[in-house]
Amino acid sequence: MNNMASRYFLVFFYLSIAAILFSCNADQQKKVDIENFDFSTTDASELYFKNIRESYYHIEEKEGIRIYRLKDYDDIDSSLLRPIIVFHWRVDKAFLMLEFGNDINPENINIQLGDEQVAHQVIQIKDHLVLANDIYEAVIDEKDIFLNRDGAATPLFGAITEKSNFSLVLYDFFRFTNVY
């Protein structure tokens, strides 16, 4: 009987661990509705980011905001587009902004996402999120992504690490703003 009880205990233990692991893992393939996006954070999301994710970022402090730049971009010199997270801690809001390469005009960006041509003007804060989300969804859908400049298509991500870095920052941002 003792042997039977220990088997039940082990089965229960492993099922419990599996349930915990699956419940804590957010759906990274989930597409985000950005129409009603409000950029709000919560105490729980801020604590998660600070305690778990913040160590992966360089932090720049400026009057009531923190700017997070992923450390993994340090080894990549040729990025055309880098997402950063800007946290305005006084109002509990986090914003996603894009840093553009020197020769990219943010007011006139043409991106090819698979077979689809998309034109963006990145002027306001939400414009950064719209462009980044379009690219993020194309990454999720495993589409080829090109930046169209001067009639030539240039791959947006020069290396696979750039694509994974981009996705990681977007995932962290969406987790920070309670989407995941």
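## Report on a predicted α/β model

Glu116 touches Ile111 and Lys143, leaving aside residues up to four places away in sequence. This residue sits in strand S6. At 44% relative accessibility, Glu116 counts as partly exposed. Its C-alpha atom is 9.6 Å from that of Ile145, and the two residues are 29 apart in sequence. The model is predicted.

### Overall make-up

The protein has four helices and eight strands. From the N terminus, the elements run α-α-β-β-β-β-β-β-α-β-β-α. The protein has 180 residues, and 38% of them count as buried. The exposed area is about 10,900 Å². Carbon and sulfur atoms supply 52% of that area. Among contacts with a separation of 6 or more, 58% join residues 24 or more positions apart.

### The four-stranded sheet

Which order do the strands take in the open sheet of four? The order is S6-S5-S7-S8, and the pairing is antiparallel. Strand S6 (116-120) and strand S8 (152-155) each have a single partner strand, so one side of each is left without a neighbour in the sheet. Glu116 therefore belongs to an edge strand. Neighbouring strands are turned by 35° against each other on average, direction ignored. In a regular strand, side chains alternate between the two faces of the sheet.

S5 and S6 pair over five bridges, in the antiparallel sense. Within this pair, Asn110 has Ala119 in S6 as its bridge partner. The hairpin of S5 and S6 has two residues between the strands. There, Gly114 takes a positive phi near 70°.

At the S8 edge, strand S7 (residues 145-149) is joined to S8 by four bridges, and the two run antiparallel. Leu147 stands opposite Thr154 in S8.

### The S1-S2 hairpin

Strand S1 (residues 57-62) and strand S2 (residues 65-70) are joined by six bridges and run antiparallel. Glu61 has Arg66 in S2 as its bridge partner. Two residues lie between the strands of this hairpin, and Gly64 takes a positive phi near 85°.

The bridge counts for three strand pairs are set out here.

| Strand pair | Bridges | Facing residues |
|---|---|---|
| S1 and S2, antiparallel | six bridges | Glu61 and Arg66 |
| S5 and S6, antiparallel | five bridges | Asn110 and Ala119 |
| S7 and S8, antiparallel | four bridges | Leu147 and Thr154 |

### Helix H3 on the sheet and against H4

Helix H3 (residues 125-140) lies across strand S5 (109-113), S6 and S7. The helix runs at about 20° to S5.

H3 also packs with helix H4. Two packed helices are described by the angle between their axes and the distance between the axes. What are these values for H3 and helix H4 (residues 160-176)? The angle is about 120°, and the axes are 10 Å apart. H3 and H4 are therefore oblique to each other. Their crossing is left-handed.

The contact takes in residues from both helices. H3 contributes Leu129, Ala132, Asn133, Ile135, Tyr136 and Val139. H4 contributes Lys163, Phe166, Ser167, Leu170, Tyr171, Phe173 and Phe174.

### The segment after H4

Val179 lies in the segment that follows H4. Is this residue buried or exposed? Val179 counts as buried, because its relative accessibility is 19% and the cut-off for buried is under 20%. Lys31 is 148 residues away from Val179 along the chain, yet the C-alpha atoms of the two are separated by 9.6 Å.

### Positive phi outside glycine

Most residues other than glycine have a negative phi. Which phi values do Phe39 and Glu142 take? Phe39 has a positive phi of about 65° although it is not a glycine. Phi of Glu142 is also positive, near 60°.

Both residues are in loops. Phe39 is in the loop between helix H1 (2-24) and helix H2 (43-53). Glu142 is in the loop between H3 and S7. Their burial differs. Phe39 counts as buried, at 9% relative accessibility, whereas Glu142 counts as exposed, at 72%.

Note on methods
Residues numbered from 1 in each chain as written. Predicted model: local features only at pLDDT ≥ 70, side-chain atom pairs only at ≥ 80, totals over all residues. Heavy atoms only, no water. Pairing = 2+ DSSP bridges. Axes fitted to C-alpha atoms, helices over the stretch in contact; angles between N-to-C directions. Contact = heavy atoms within 4.5 Å. Buried < 20%, exposed > 50% of the residue type's maximum accessible area, 1.4 Å probe, protein only. Areas by Shrake-Rupley, 256 points an atom, 1.4 Å probe, with all protein chains shown as cover. Parallel < 35°, antiparallel > 145°, perpendicular 65-115°, else oblique. Left-handed = near helix turned anticlockwise from the far one by under 90°.
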